[in-house]
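This report concerns a ligand site and the packing of helices. Please read it alongside the sequence and coordinates shown here.

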Amino acid sequence: MNLDNETLEILKRAAATWKSGFDSLPEVEDSSNHKNLDPILQRVAIKLHNNYPYQHPMYLGQMMKPPHPIAHLAYTLAMSTNPNNHALDGGRASSEMEKDAVQQIAEMIGWKNGLGHLCGGGTVANLEALWVSRELTENRLIAVSDQAHYTHSRCASLLGMDCRIIESDTHGRMRTAALQEVLDKNSVGTVVVTLGTTGLGAVDPLEEILALQEQYQFRIHIDSAYGGYFKLAENLSEYATRQYELMNRADSIVIDPHKHGLQPYGCGCVLFKDPAVARVYKHDSPYTYFTSDQLHLGEISLECSRAGASAVALWATLQRFPLEPHGEFSTGLESARSAAIQLYEWLNQSEFYTPVVTPDLDIVVWSVRTESASESSGKAREIFEAAAEANLHFALVTLPRKLVEENSDIQNWDQSELTCLRACVMKPEHQGWMPRILELFSHISRTTLG
Ligand SMILES: *Cc1c(COP(=O)(O)O)cnc(C)c1O
């Protein structure tokens, strides 16, 4: 966020209102509070130059989207008390806001009575969902695609569960035929369906997996840490739209407000369709929960202390951007997706590149057109560096031959993997910026590859 005067004025006014609520307390004097802050913060500002410019539309590398100023402001204001959403004793107001914000996310999915809470991020959220699955499925197998986030096999190992990796197709989506083979031979308790893979932004075929569920009976966990909010977008392909429509049929869902939801890091969300899973969390800590019979979020959460400020920031953001179709937030997602399609179409026409897949969401991945896989990978790295020199930031991703082969011009597979370029076109401003980005990228490509 640009910490400009207008924003700081808004914060000052809110801070004064906040403070007035505690006027009855005696003043605490601490004259040393400001000592050295100025020079230290100057050093911090300079140290922070050693980052890619994540906040700028010319940064399209990793999955980074700047928090909205309202999230920044609300978070900062909440830090005045630094509430802890573990128990109502530590964060009464912020726990209320968390329940309300989580309810709004659940309603976006179509769940009226779901159970859920915020957590540190997608990793903990997925761990929690898989742990609940383990408790409810007597430790039966987990199946995930080879394009799923690596956190799943790691969580499975942490939980002492067996995890089967299911091959994906040339779109980067789970192959249901391969899943069925595993279901035929094993007792699978949970299938992880990714709606928006981290590498390619691919949407797994939930509809087909639901059909298999009728025959084989397993829990469905949707990992949409990155892609969940695309439920609201109206410019996805017919295929992707259909999978999102069926999202409410899952047993558990992960969505990260800190990915596409305009939040600072430290904000993931896990949701369960059946509120009765609360029994899995049962514990009787002697330390907490004295003040009321109401639900303390710590009673349904694996983590204990959690930043109440995260909930305050998310709640405030949802006041500004309600999760409704055609709203400003949905339009922002749609424009990111349109910008991704512009980039994809440009690559499709390009003499230098081949897109790896047609994007399901707003991530675009492409390879450099050459004879051999090693040469193409080397040139991808050169382009990555030349673009960064010109302040245009992409990422690199290494993909297995079987995923890329069909859609690439590589004749000589002298190595089994291909390094490709990847762009996360996640910011609403990317649509307006795309012509300029493409002009620059076109120039960089001609000078490096031409
Ligand atoms: C980012 C991501 C994760 C991990 O979430 P963190 O918030 O980084 O812990 C898991 N799954 C998917 C699909 C992701 O994109």
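The sections below treat the basis of the model, the ligand shell and two helix pairs.

## Basis of the model

The model is predicted, with local features requiring pLDDT of at least 70, side-chain atom pairs counted only at pLDDT 80 or more, and totals for chains, interfaces and linings using all residues. Residues are numbered from 1 along each chain as its sequence is written, and side-chain values use heavy atoms, with hydrogens and water left out.

## Ligand shell

The ligand is surrounded by 14 residues (a residue is near if one of its heavy atoms lies within 4 Å). Those that come nearest are G122, T123, D223, D256 and K259. By class, the shell holds three nonpolar, eight polar and three charged residues (Ala, Val, Leu, Ile, Met, Phe, Trp, Tyr, Cys and Pro are nonpolar, Asp, Glu, Lys and Arg charged, and the others, Gly among them, polar). Helix α5 (residues 122-136) supplies the largest share, three residues (helices are DSSP runs of H or I with at least four residues, numbered from the N terminus).

## Polar contacts and burial

Ligand oxygen atoms lie 2.5 Å from a side-chain N or O atom of T123, 2.9 Å from one of T198 and 2.8 Å from one of H258. The protein buries 87% of the 380 Å² that the ligand exposes when taken alone (Shrake-Rupley method, 1.4 Å probe).

## Helix packing

Helix α7 (residues 176-185) packs with helix α8 (residues 206-216) at about 15 degrees, their axes 11 Å apart (axes are lines fitted to C-alpha atoms over the stretch in contact, and angles run from 0 to 180 degrees between N-to-C directions). The two helices α7 and α8 are therefore roughly parallel (angles under 35 degrees).

For helix α12 (residues 373-389) and helix α14 (residues 430-449), the axes come within 10 Å and cross at roughly 130 degrees. Helices α12 and α14 are therefore oblique to each other (neither under 35, nor over 145, nor 65 to 115 degrees).

Methods:
A polar contact is a pair of N or O atoms within 3.5 Å; within protein, one must be able to donate a hydrogen and the other to accept it, and residues adjacent in sequence count only if both atoms are side-chain atoms.
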